[in-house]
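Subject: Structure handover

Hello,

Here is the structure you asked about. Please open it alongside this email; my notes follow below.

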Amino acid sequence: MVRRRDRGIFARIYAVVRMIPHGQVATYGQIASIVADPQAARTVGWALSGLSEDARVPWHRVINARGRISLRQHPGAAEKQRVLLEHEGIVLDRHGRIDLETYQWEGLDWPAIEALHTAWEKEPPGP
DNA sequence: ACAATGACATAAG
DNA sequence: GCTTATGCCATTG
């Protein structure tokens, strides 16, 4: 359950996800590539699953490589994610697919993320 | 240390 | 395009 162990790869994953701009999306594999291994995608999903509700992480902007929502276990959550995405202006086709060519975040290298995240911690946005 | 688990990714049928 | 099978990584019992 994550506890206070957000020091390692988890913290880096959250940092990257926080930098995904409004109205854009990133894939699990993409985030994994930035924080560590291109093949630690499952770990990214695992990290997000342990988020608390007030974690200030835009988890809904993370989707799978096919451009679709990966939440199958709790159907309500998938629905919620879709609503959140549409609320940001992201269009899903009738199959619930997102066009990555249009909405995928270009991404940043880790040093850039780290710098931005440091600033974020200094002056967290929102309430 | 080993086996199982999970919001993945990719290849194959 | 969907379903299976296999590979990967970090965490947990």
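Is Gln-81 buried or exposed? Gln-81 is buried, because its relative accessible area is 1% and the cut-off for buried is under 20%. Bear in mind that this is a predicted model.

Where Gln-81 sits

Gln-81 belongs to helix 4, which runs over residues 75-87. Its contacts beyond the four nearest places in sequence are Trp-59, His-60, Val-62, Ile-63, Ile-69 and Leu-71. One of these partners, Val-62, deserves its own paragraph further down.

The overall fold

Chain A has six helices and two strands. Along the sequence they come in the order α-β-α-α-β-α-α-α. The radius of gyration is 14 Å, close to the 14 Å that the globule rule gives for 127 residues, so chain A is as compact as a globular protein of that length. The C-alpha trace spans about 40 × 35 × 30 Å along its principal axes.

Of the 127 residues in chain A, 38% are buried. Take the contacts between residues at least 6 apart in sequence: 66% of them join residues at least 24 apart.

Surface and charge

Chain A exposes about 8,400 Å². Carbon and sulfur atoms supply 50% of that area. On the charge side, there are 17 positive and 15 negative side chains. The centres of the two sets lie 7 Å apart.

Helix 1 and helix 2

Helix 1 is largely enclosed by the rest of the structure, because seven of its ten residues are buried. Those residues are Phe-10, Ile-13, Tyr-14, Ala-15, Val-16, Val-17 and Arg-18. Note that Arg-18 is on that buried list. The cover over the buried residues of helix 1 includes helix 2, helix 3, strand 2 and helix 6.

Helix 2 covers residues 28-35 and is mostly covered itself. Six of its eight residues are buried. They are Tyr-28, Gln-30, Ile-31, Ala-32, Ile-34 and Val-35. What do the buried residues of helix 2 pack against? They pack against helix 1 (9-18), strand 1 (26-27), helix 3 (41-49), strand 2 (62-63) and helix 6 (110-122).

Val-62

Val-62 lies in strand 2. It counts as buried because its relative accessibility is 0%. Leaving out residues up to four places away in sequence, Val-62 touches Val-17, Ile-20, Ala-26, Thr-27, Tyr-28, Ile-31, Leu-48 and Gln-81. Val-17 is one of the buried residues of helix 1. Tyr-28 and Ile-31 are among the buried residues of helix 2. Gln-81 brings in helix 4. For a distance to check on screen, try Val-62 and Glu-86: they are 24 residues apart in sequence and 14 Å apart in space, C-alpha to C-alpha.

Arg-56

Which sign does phi take at Arg-56? Phi of Arg-56 is positive, near 55 degrees, and the residue is not a glycine. Most residues other than glycine have a negative phi. Arg-56 sits in the loop between helix 3 and strand 2. With a relative accessible area of 39%, Arg-56 is partly exposed.

Where to look

Begin with Gln-81 in helix 4. Step from there to Val-62 in strand 2. Then turn to helix 1, with seven of its ten residues buried. Finish at Arg-56, in the loop between helix 3 and strand 2.

Best wishes

Note on methods:
Residues are numbered from 1 along each chain as its sequence is written. Chains are lettered from A and ligands numbered from 1 in the order in which they are written. This is a predicted model: local features need pLDDT of at least 70, side-chain atom pairs count only at pLDDT 80 or more; totals for chains, interfaces and linings use all residues. Side-chain values use heavy atoms; hydrogens and water are left out. Helices (H or I, at least four residues) and strands (E, at least two) are DSSP runs, numbered from the N terminus. The radius of gyration is taken over C-alpha atoms; the globule rule is 2.2 Å times the number of residues to the power 0.38. Buried means under 20% relative accessible area, exposed over 50%, partly exposed in between (1.4 Å probe, protein chains only). Contact means heavy atoms within 4.5 Å. Accessible areas come from the Shrake-Rupley method with a 1.4 Å probe; for residues, only the protein chains shown count as cover. Lys and Arg count as positive and Asp and Glu as negative; His and the chain ends are not counted. The place of a charge is taken as NZ of Lys, CZ of Arg, CG of Asp or CD of Glu.
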